[in-house]
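I am opening a fresh notebook page for this structure. My plan is to look up charged side chains and then the chain as a whole.

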Amino acid sequence: MDDQTRIEIEAAAFRRLQKHLMEDRKDVQNIDMMNLAGFCRNCLSQWYQEAANERGIEMSKDEGREAYYGMPFAEWKEKYQTEASAEAKEAFKTSHG
C-alpha cells in the first residue's frame, strides 16, 4: 500500500470514529469513555488541534473542539452532556488523578 492510500484509509477510519461518537453514541459520556478507554472526545479534539499546530495551522483549544464536535463545545455540553455520577467521578480520580 502506498503512503497516500494509507493516509486516506486512516482519515476515513478517523471520520468513522468521529461519526460514531458524535452521532451514533451521543449517549456515552466523556467521563465514562475516559474511565474505560483512557481517552474521550475532548482528547480527540486536542489531538486534532495538535496535528493542525504541528503543520503550522494555528488552532486554539476551543477551535479544535469546535472543529471536532461540529459546534461550540458549550453547545455540545448543553445538548448532550449529563452530570457525572459520583461513581464515575471517583473512578476518574482513581484512574487519572
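**Entry 1: a patch of negative charge**

I looked up Glu63 and found it partly exposed, because its relative accessible area is 45%, a value that is not over 50% and not under 20%. I note that the model is a predicted one, and I keep that in mind for every entry on this page. Glu63 has its place in helix H4, which covers residues 61-69. I then asked which residues gather with Glu63 in a patch of negative charge on the surface. I found that Glu58, Asp62 and Glu66 make up the patch together with Glu63.

**Entry 2: salt bridges in helix H1**

I searched the whole structure for salt bridges and the search gave 10. One of the pairs I looked up is Asp3 with Arg6, whose side chains meet in a salt bridge at 3.8 Å from N to O. Both residues lie in helix H1, three residues apart, which is about one turn of the helix, and I noted that this helix runs over residues 3-24. Asp3 counts as exposed, because its relative accessibility is 52%, and the cut-off for exposed is over 50%. Arg6, at 34% relative accessibility, counts as partly exposed. I also checked Asp3 against Tyr48, which is 45 residues away along the chain, and found their C-alpha atoms separated by 20 Å.

Still in helix H1, I looked at Lys19, which forms a salt bridge with Glu23, their closest N and O atoms being 3.6 Å apart. These two residues are separated by about one helical turn, because they are four residues apart in the helix. Lys19 is partly exposed, with a relative accessibility of 36%.

**Entry 3: helix H5 and a network**

In helix H5, residues 73-80, I found Glu75 and Lys79 four residues apart, so about one helical turn separates them. Their side chains meet in a salt bridge of 3.3 Å, N to O, and Glu75 is partly exposed at 32% relative accessible area. I then wrote down a network in which salt bridges with shared partners join Arg16, Lys19, Glu23 and Asp24.

**Entry 4: the chain as a whole**

How many helices and strands does the chain have? I counted six helices and zero strands. The C-alpha atoms fill a box of roughly 50 × 30 × 25 Å along the principal axes. Of the 97 residues, 26% count as buried. I closed the page with the charges, noting that the 14 positive and 19 negative ones have mean positions 4 Å apart.

How values were computed: Residues numbered from 1 in each chain as written. Predicted model: local features only at pLDDT ≥ 70, side-chain atom pairs only at ≥ 80, totals over all residues. Heavy atoms only, no water. Buried < 20%, exposed > 50% of the residue type's maximum accessible area, 1.4 Å probe, protein only. Lys, Arg positive; Asp, Glu negative; His and termini not counted. Charge placed at Lys NZ, Arg CZ, Asp CG, Glu CD. Patch = residues over 30% accessible without salt bridge, like charges linked within 9 Å, V, L, I, M, F, W, Y side chains within 5 Å. Areas by Shrake-Rupley, 256 points an atom, 1.4 Å probe, with all protein chains shown as cover. Salt bridge = Lys/Arg side-chain N within 4 Å of Asp/Glu carboxyl O.
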